[in-house]
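Work through the following exercises with the structure in view, and try each task before you read its solution.

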Amino acid sequence: MADRQQQAHGERPGHAPPDSPSSATLLRRVQTHAPNSTQLVGFLTLLVSGAALLLLTGLTLTGAVLALVFLAPIALLTSPIWVPVAALLAVLAAAVLSCCGFAVAALAAGTWMYRYFTGRHPVGADRVDYARSRIADTASHVKDYAREYGGYLHSRAKDAAPGA
């Protein structure tokens with residue numbers, strides 16, 4: 001019966017009337033979460049720029065497909081001319097880039113060696129000096145070992161062949 005009275009007064013069942021305190025708190029909640037003017041302008045800007053970019057994407061894709069449809073036969077007919085030319089240009093570009101790379105590497109190595117030999121101590125000189133000292137030490141140990149072992153072999157050879 002209470003539902004019929006609410007419906008007679010224009011109210012929906014389960015909802016508070018517009019002037020009740022619960023609807024006022026709901027209105028306050030909605031107002032606190034409503035976007036301010038800066039957020040609204042930002043959203044509209046996002047919407048407009050997104051639509052413009054979507055339009056440009058569609059136009060670009062359409063243009064690319066049309067160009068492919070109309071230019072594919074021309075490309076197919078002229079391919080005996082431009083495929084060897086393109087291959088030649090690719091080989092020439094690779095050769096030029098390789099030469100430039102080797103020249104830069106040689107220049108860098110020459111600069112490093114010049115700095116190293118003039119005593120300017122370039123980056124990595126410590127490691128080169130350490131490697132050089134290790135190689136010299138190893139060579140010295142091998143030489144000493146060869147003298148000892150070589151002398152042993154020489155004396156053994158005399159024992160095996162006294163006239164030799």
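**Exercise 1.** Is C99 buried or exposed?

*Solution.* The model is a predicted one, and the value to start from is the relative accessible area of C99, which is 53%. A residue counts as exposed when this value is over 50%, and therefore C99 is exposed.

**Exercise 2.** Find out how many disulfides the structure holds, and check C99 and C100 one after the other.

*Solution.* A disulfide is a covalent bond between the sulfur atoms of two cysteines. When the whole structure is searched, zero disulfides are found. For C99, the nearest cysteine sulfur belongs to C100 and is 7.0 Å away, whereas a disulfide needs two cysteine sulfur atoms within 2.5 Å, so C99 is in no disulfide. Taken from the other side, C100 has the sulfur of C99 as its nearest cysteine sulfur, again at 7.0 Å, and is in no disulfide either. As for its surroundings, C100 has a relative accessible area of 45% and is partly exposed.

**Exercise 3.** Determine which kinds of aromatic pair W112, Y116 and F117 form.

*Solution.* A pair of aromatic rings is described by the distance of the centres and the angle of the planes. The count comes to two aromatic pairs. In one of them, the rings of W112 and Y116 have centres 5.1 Å apart and planes at 10°; because planes under 30 degrees apart count as stacked, this pair of W112 and Y116 is stacked. These two residues are four apart in helix 3, which means that about one helical turn separates W112 from Y116. Y116 and F117 form an edge-to-face pair, with 5.5 Å from centre to centre and 70° between the planes. Through these ring pairs, W112, Y116 and F117 are linked into a cluster. Its members differ in accessibility: W112 is partly exposed at 26%, Y116 is buried at 16%, and F117 is exposed at 65%.

**Exercise 4.** Describe the chain over the stretches that UniProt lists as "transmembrane region", and then examine the nonpolar surface patch that includes V69.

*Solution.* The unreviewed UniProt entry lists residues 43-75 and 81-110 under this name. Over residues 43-75 the chain is 100% helix and 0% strand, with end C-alpha atoms 46 Å apart. Over residues 81-110 the chain is likewise 100% helix and 0% strand, and here the end C-alpha atoms are 44 Å apart. The patch on the surface is formed by L61, V65, L66, V69, F70, L71 and I74, which together have about 700 Å² of accessible area. One of these residues, V69, lies in helix 3, which covers residues 37-117, and V69 is exposed, with a relative accessible area of 51%.

Key: Residues are numbered from 1 along each chain as its sequence is written. This is a predicted model: local features need pLDDT of at least 70, side-chain atom pairs count only at pLDDT 80 or more; totals for chains, interfaces and linings use all residues. Side-chain values use heavy atoms; hydrogens and water are left out. Patches are made of residues with over 30% relative accessible area and no salt bridge: like charges are joined within 9 Å, nonpolar side chains (Val, Leu, Ile, Met, Phe, Trp, Tyr) within 5 Å. Accessible areas come from the Shrake-Rupley method with a 1.4 Å probe; for residues, only the protein chains shown count as cover. A salt bridge is a side-chain nitrogen of Lys or Arg within 4 Å of a carboxyl oxygen of Asp or Glu. Buried means under 20% relative accessible area, exposed over 50%, partly exposed in between (1.4 Å probe, protein chains only). UniProt positions are given in the numbering used here, feature names are shortened, and annotations may be inferred rather than shown by experiment. Rings of Phe, Tyr and Trp (its six-membered ring) pair if their centres lie within 6.5 Å; planes under 30 degrees apart count as stacked, over 60 as edge-to-face and the rest as tilted.
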